[in-house]
Amino acid sequence: VYQLLTDLKQQRKESGKTKQSSGQQNLNTIMYETLKYISKTPCRYQSPEIVREFLVAMKDHKLTK
């Protein structure tokens, strides 16, 4: 999620639109708040590869929900 939101933020910055609808402003606020929260948690440092490695390592334990 963190990677997705940072990518979206970068795309919006590069597009350079100045006029935004109120719905777009709300979405920007949600993205900002989510990024702010996630950046304070350890999941900021996770990547798809790390999650995949974890899942492979846990597969042998045969955990259930």
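**Close-up views of a predicted model**

**View 1. Classes of the residues lining the second largest pocket.** The lining of the second largest pocket comprises 6 nonpolar, 3 polar and 1 charged residues. The structure shown is a predicted model.

**View 2. Extent and lining of the second largest pocket.** This second largest pocket encloses about 200 Å³ of space. Its lining is formed by V1, Y2, Q3, I38, C43, R44, Q46, S47, P48 and V51. At least two residues of that lining come from each of α1 and α3, the latter spanning residues 48-59.

**View 3. Packing of helix α1 against helix α2.** Helix α1 covers residues 2-15 and helix α2 residues 22-38; the two pack at an angle of about 135°, and their axes lie 10 Å apart. Because of this angle, α1 is oblique to α2. The two helices, α1 and α2, cross in a left-handed sense.

**View 4. Residues at the contact of α1 with α2.** From α1, the contact involves Y2, L5, T6, L8, K9 and R12. From α2, the participating residues are Q24, L27, N28, M31, T34, L35 and I38. By class, the residues of this contact of α1 with α2 are 7 nonpolar, 4 polar and 2 charged.

**View 5. Residues shared by the pocket and the helix contact.** Y2 of α1 takes part in the contact with α2 and also lines the second largest pocket. I38 of α2 likewise belongs to the contact with α1 and to the lining of the second largest pocket.

Definitions and conventions: Residues are numbered from 1 along each chain as its sequence is written. This is a predicted model: local features need pLDDT of at least 70, side-chain atom pairs count only at pLDDT 80 or more; totals for chains, interfaces and linings use all residues. Side-chain values use heavy atoms; hydrogens and water are left out. Axes are lines fitted to C-alpha atoms, for helices over the stretch in contact, and angles run from 0 to 180 degrees between N-to-C directions. Helices (H or I, at least four residues) and strands (E, at least two) are DSSP runs, numbered from the N terminus. Angles under 35 degrees count as roughly parallel, over 145 as roughly antiparallel, 65 to 115 as roughly perpendicular and the rest as oblique. A crossing is left-handed if the near helix is turned anticlockwise from the far one by less than a right angle, and right-handed if clockwise. Contact means heavy atoms within 4.5 Å. Ala, Val, Leu, Ile, Met, Phe, Trp, Tyr, Cys and Pro count as nonpolar, Asp, Glu, Lys and Arg as charged, and the others, Gly among them, as polar. On a 1 Å grid over the protein atoms alone, a cavity is a set of points where a 1.4 Å probe fits but cannot get out, and a pocket is an open set with protein on both sides within 12 Å along at least five of seven lines; lining residues have an atom within 4 Å of a point. Grid points are joined across faces, edges and corners, and a volume is the space filled by probe spheres set on the points.
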